[in-house]
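Trainee: I have a structure open and would like to practise reading it feature by feature. Could you walk me through it?

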Amino acid sequence: MQAFHAPMDAQTDATASLLTAAGWKQRLVFWSGAILVGLFVSALTLLSEQAVVHLRAFFDRAPMSIWLIGPLGLTLTVWLTERWFPGAERSGVPQVKAALAIHGDLTLRQRFVSFPIAVGKVALTNLGLLAGASAGLGGPAIQIGASIMTTLGRAARFPPHYLERGFILAGSAAGFAALFSAPLAGIIFAIEELGREMEEKISSLVLTAIIFAGMTAYVILNHYIFLETTEVAQPHGRAWLSIGYCGIAGGLAGGIFAFLLVRLGRRLSQAGRRSRWALIVLSGLLLAALATVSEGQTLGTGYPMLKQIVNASQAASLWFPLEKGLATLITALSGVPAGLFVPSLAVGAGLGADLHHWLPLAPLQTMVLLSMCAYFSGMLQNPMTAFVLVMEMTDTHELLLPLMATAFVATGTARLLNPRPLCEILTENYVRDLPQQA
C-alpha cells in the first residue's frame, strides 16, 4: 500500500470544515449512510437466514417440490432482475469495480451502484435462496454498501474528490466488514481488490464507514465473531506440511472453479435469448438434482454447514465440496443476484475435512481453516483478504502465519490456471459496454 500524506492546505480545509455548517452536514450525511449500510446488511442477513430455514423445512417435508421450485424460482428471479433491477445481477463485485473505472460522467455509475440496486439486491438475493440457489451474501453486501454511500454522497453534493472513489470504497468496505464482522478484512479488501491505493482522505472515509456500519450490524445481529470456533492448534513439526498440502489442493480447487466460471460464462453469453432462458430452466433443474443427491446440503448460503464442519459437530459427506462447488457454479452462471464468498468458504471447509480424512497431517479444525483460506485465495487470488478474513471471522489469531503462508501458496497454484484474478476478468464484461470516456 502506497503511503500518502495530506498537503498542508488539505489539512487546513479539514480543520476549517469542523467549524462550518456545511462540514457538519456532510459528516451527518456520511455517518447516516454508514448506519444505513449496516441496516441493509443486517436485513440481508436476517432475511437470508429465514429464507434458508423455510426452504429447508419445506424440502424436508416435500423433497420432490424442489424440482418445481428450482426452475420456476430461478427463472422468476432472473426475469425480475433484468426487468426491474438491471445491474443487480450476479455477485456485485465486478459492478463495483466497473463503477470505479468510470471517470468524468459519474451518472453512468447508476448502472452499477444506485439505491434501487441496493433494494433489489436484498430482495432478489433472498428470492434466489428461496428458489434453491447456492447464493452467498458477500458480493451483494459490497454492492449494497457502495450503492447506498454513493447515492447519499451525490444527494448531499459532496465534493468530486469523494464521489470519484471515496464513497464507493468506503461503502464497499463497510458492507464487507458488517457482514463478516471483520473490519480489518474490509480495509484489506478495499485496498487489494478495489482500491489498490488510497489517499489519506479516502482511508479515513473507509475507517469511519466500517465503524458505523459494523456497530449497527453488531447491535442488530448480536454477534461479533462471524464463525465461532473452539481452540485451534497451531501447526508444528510434521503438521507444518499441512500448509503446502491444503494450500496446493485448495488453490487448485479454487482455480478450477474460477476457470470454469470464466470459460462457461463466455460460452453462455453467446447463446441466443431463447437458448439462454432454456439454460436458466436447466440450471434450476440441476440445482434441484444436486439438492436431492446431497439431501439438501447444497441449498442456501452454506453457512449452517460451514459452522458444523468448522466445529466438527457434524461430519459432512466426502462429496459435499464437489456438490456445493457445482451448485455455486451453476448459480453464478444463471445470473441471479448471488455472492460467492460464503459458499466458497463452505466448499473450502468441506475440502479441508476431506483432506484430513485422506491424510491427517494436522488437527481437523486446523486443516479445515487452512483449506477455507486456500480455496478462497485460489478462487479470487486475493491472498491478504483471504487470510485476514478467515483469521478475523473465526477469531484464530494464533493461526496467522500458517494462514498467511497457505494463502500465498494457494494463490501461486491458482495462477497456473488463471494468470489474472477472477473479478478482474468479470469486470471487463461491464467496462466493455461503457461509452468511450475522454
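Trainee: Let me start with one residue: does T81 count as buried or exposed?

Mentor: Keep in mind that this is a predicted model. For burial, the cut-off is under 20% relative accessible area. T81 has 1% relative accessibility, so T81 counts as buried.

Trainee: Where does T81 lie, and which residues is T81 in contact with beyond its neighbours within four places in sequence?

Mentor: T81 lies in helix α3. With those neighbours set aside, its contacts are P86, A88, E89, L124 and P337.

Trainee: Before going further, how do I judge confidence? What is the mean pLDDT of the protein?

Mentor: The mean pLDDT is 88, and 90% of the residues reach 70 or more. Residues 1-16 are another matter: pLDDT stays under 50 there, and the model has 13 contacts for them beyond four places in sequence.

Trainee: On to salt bridges. How many does the structure hold?

Mentor: Look for a Lys or Arg side-chain nitrogen within 4 Å of an Asp or Glu carboxyl oxygen. The structure holds five salt bridges. One of them joins the side chains of R276 and E82, at 2.4 Å from N to O. R276 sits in helix α11 (residues 273-293) and E82 in helix α3 (residues 66-84), so this pair ties together parts that are 194 residues apart in sequence.

Trainee: And how accessible are R276 and E82?

Mentor: R276 has 24% relative accessibility and counts as partly exposed. E82 is partly exposed too, at 35%.

Trainee: Which residues are linked in a network of salt bridges?

Mentor: R420, E424 and E428 are. R420 pairs with E424, their closest N and O atoms being 3.0 Å apart, and the R420 side chain also meets that of E428 at 2.2 Å, N to O. As for accessibility, R420 is partly exposed with a relative accessible area of 31%. E424 is partly exposed at 34%, and E428 is partly exposed at 30%.

Trainee: Here's a helix question. Why does the spacing of residues matter when I look at which way they point?

Mentor: An α-helix has 3.6 residues a turn, so residues three or four places apart point the same way.

Trainee: Let's take α16, then. How many of its residues are buried?

Mentor: Of its 12 residues, 11 are buried, so to speak of α16 as mostly covered is fair. Among the buried ones are P383, F387, M391 and T394. E392 is buried as well.

Trainee: How do I check the length of α16, and what should its 12 residues span?

Mentor: Use 1.5 Å a residue: α16, residues 383-394, should span 16 Å. Its end C-alpha atoms are 17 Å apart, which agrees.

Trainee: What follows α16?

Mentor: D395 does, and its phi is positive, near 55°.

Trainee: Last one, cysteines. How many disulfides does a search of the whole structure find?

Mentor: Zero. A disulfide needs two cysteine sulfur atoms within 2.5 Å. C246 is in no disulfide, and its nearest cysteine sulfur, that of C373, is 10 Å away. C373 is in no disulfide either, with the sulfur of C246 its nearest at 10 Å.

Trainee: Are those cysteines, C246 and C373, buried or exposed?

Mentor: C246 is buried, at 0% relative accessibility. C373 is buried too, with a relative accessible area of 0%.

Definitions and conventions. Residues are numbered from 1 along each chain as its sequence is written. This is a predicted model: local features need pLDDT of at least 70, side-chain atom pairs count only at pLDDT 80 or more; totals for chains, interfaces and linings use all residues. Side-chain values use heavy atoms; hydrogens and water are left out. Helices (H or I, at least four residues) and strands (E, at least two) are DSSP runs, numbered from the N terminus. The expected span of a helix is 1.5 Å times one less than its number of residues. Buried means under 20% relative accessible area, exposed over 50%, partly exposed in between (1.4 Å probe, protein chains only). pLDDT is the predictor's confidence in each residue, from 0 to 100. Contact means heavy atoms within 4.5 Å.
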